[in-house]
Amino acid sequence: MASELTPPIPAPGATEDVIVNDVAPVTRPARATQRWRGRLRSLTVADGVMALIGGLALWFRFGNLARLPLSPAEAVAALASRQFTSTAPLDVPVISPAYFTFTNLLMGLGMDGDAAARLVPAVFGLLTVLLLWTWRGRVRPVVWLTAALFMAVSPLLVAVSRAAGGDAIALFALMLLACGSVFSGSVVSRSVGQYSVSSRSVGRWAVVSGVALGLGLASSSLFYTGLVALLAAWLLAGRR
């Protein structure tokens, strides 16, 4: 009777195999959950403040988009997408290929009106402010939080983000290109504050810079003006 209740004793050579097989393997969902938990634990007060600034920027850019009628320039930019969606012949020029593409996708989903014409610039205007969140851990929080606050409430940036056209996309592309170039280390060689990246992030941000350049070239003429200013700034920074 006692022999039936006693668990079998594994052979000496099989002891290690039994122990290893009893350990459950770490699956990919479990690893993803651990990563997300680690990121949540790393949130700081600065992240909370940035979330509030993002909400403020959201309210300024999306609040009552159709309150004012489209200006003549906005109407021309939006009319091309509307005509293309309705399979009508295009009798107006496509001012911004990027704006035309994104707005055409929205109107193809059934959205229409002045708010739909201004939705794409509002989205890119919000993303421009949120891009400053990528400076987290690279410079002091007061630096990027102050810059984000000024950009969120800037009357000029708010006006550009609420106007149908490609200027808001151009500003986002310029900001993304500047961040990608700095973070990849392709232009700025000296550190800025606590600037430190791995080789993998360098390659990732180099790809982001290429995407930003392509997006900017298809946005509006404002991107070309800003690109000249960025090149001048990079040349001056490289001489130091």
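Biologist: Which residue forms a salt bridge with Glu-74, and how should I read such a pairing?

Modeller: Side chains of opposite charge can pair when their charged atoms come close. In this model, which is predicted, Glu-74 is paired with Arg-118, and their closest N and O atoms are 3.1 Å apart. The two residues belong to distant parts of the chain, with Arg-118 in helix α7 and Glu-74 in helix α5 (residues 72-85), 44 residues apart.

Biologist: Are Arg-118 and Glu-74 buried or exposed?

Modeller: Arg-118 is buried, and Glu-74 is buried as well.

Biologist: How many salt bridges does a search of the whole structure find?

Modeller: The search finds three. Besides the pair just described, the side chains of Arg-82 and Asp-112 meet with an N to O distance of 3.3 Å, and this pair joins helix α5, which holds Arg-82, to the loop between α6 (97-108) and α7, where Asp-112 lies 30 residues away. Arg-82 has a relative accessible area of 33% and is therefore partly exposed, while Asp-112, at 49% relative accessibility, also counts as partly exposed.

Biologist: What forms a salt bridge with Asp-47?

Modeller: The partner of Asp-47 is Arg-136, with the closest N and O atoms 2.7 Å apart. Here the link runs from the loop between α7 (114-130) and α8, which carries Arg-136, to helix α4, which carries Asp-47, across 89 residues. Asp-47 counts as buried because its relative accessibility is 4%, whereas Arg-136, at 34%, counts as partly exposed.

Biologist: How do I read the way α4 and helix α8 pack?

Modeller: Two packed helices are described by the angle between their axes and the distance between the axes. For α4 and helix α8 (residues 141-153) the angle is about 10° and the axes lie 9 Å apart, which means that α4 is roughly parallel to α8. Among the residues making this contact are Asp-47, Ile-53, Phe-60 and Arg-61 of α4, together with Trp-144, Leu-145, Met-151 and Ala-152 of α8.

Biologist: Arg-61 appears in that contact; which side chain of opposite charge is nearest to this arginine, and how far away is it?

Modeller: Arg-61, found in helix α4 (residues 45-62), is buried yet has no salt bridge, and the nearest side chain of opposite charge, that of Glu-74, is 14 Å away. The Arg-61 side chain does, however, reach the backbone oxygen of Gly-125 at 3.4 Å. Leaving aside neighbours within four places in sequence, the residues in contact with Arg-61 include Ala-122, Leu-126, Val-129, Leu-157, Ser-161 and Arg-162.

Notes
Residues numbered from 1 in each chain as written. Predicted model: local features only at pLDDT ≥ 70, side-chain atom pairs only at ≥ 80, totals over all residues. Heavy atoms only, no water. Helix = DSSP H or I, 4+ residues; strand = E, 2+ residues; numbered from the N terminus. Buried < 20%, exposed > 50% of the residue type's maximum accessible area, 1.4 Å probe, protein only. Lys, Arg positive; Asp, Glu negative; His and termini not counted. Salt bridge = Lys/Arg side-chain N within 4 Å of Asp/Glu carboxyl O. Polar contact = N/O pair within 3.5 Å; in protein donor to acceptor, adjacent residues only side chain to side chain. Contact = heavy atoms within 4.5 Å. Axes fitted to C-alpha atoms, helices over the stretch in contact; angles between N-to-C directions. Parallel < 35°, antiparallel > 145°, perpendicular 65-115°, else oblique.
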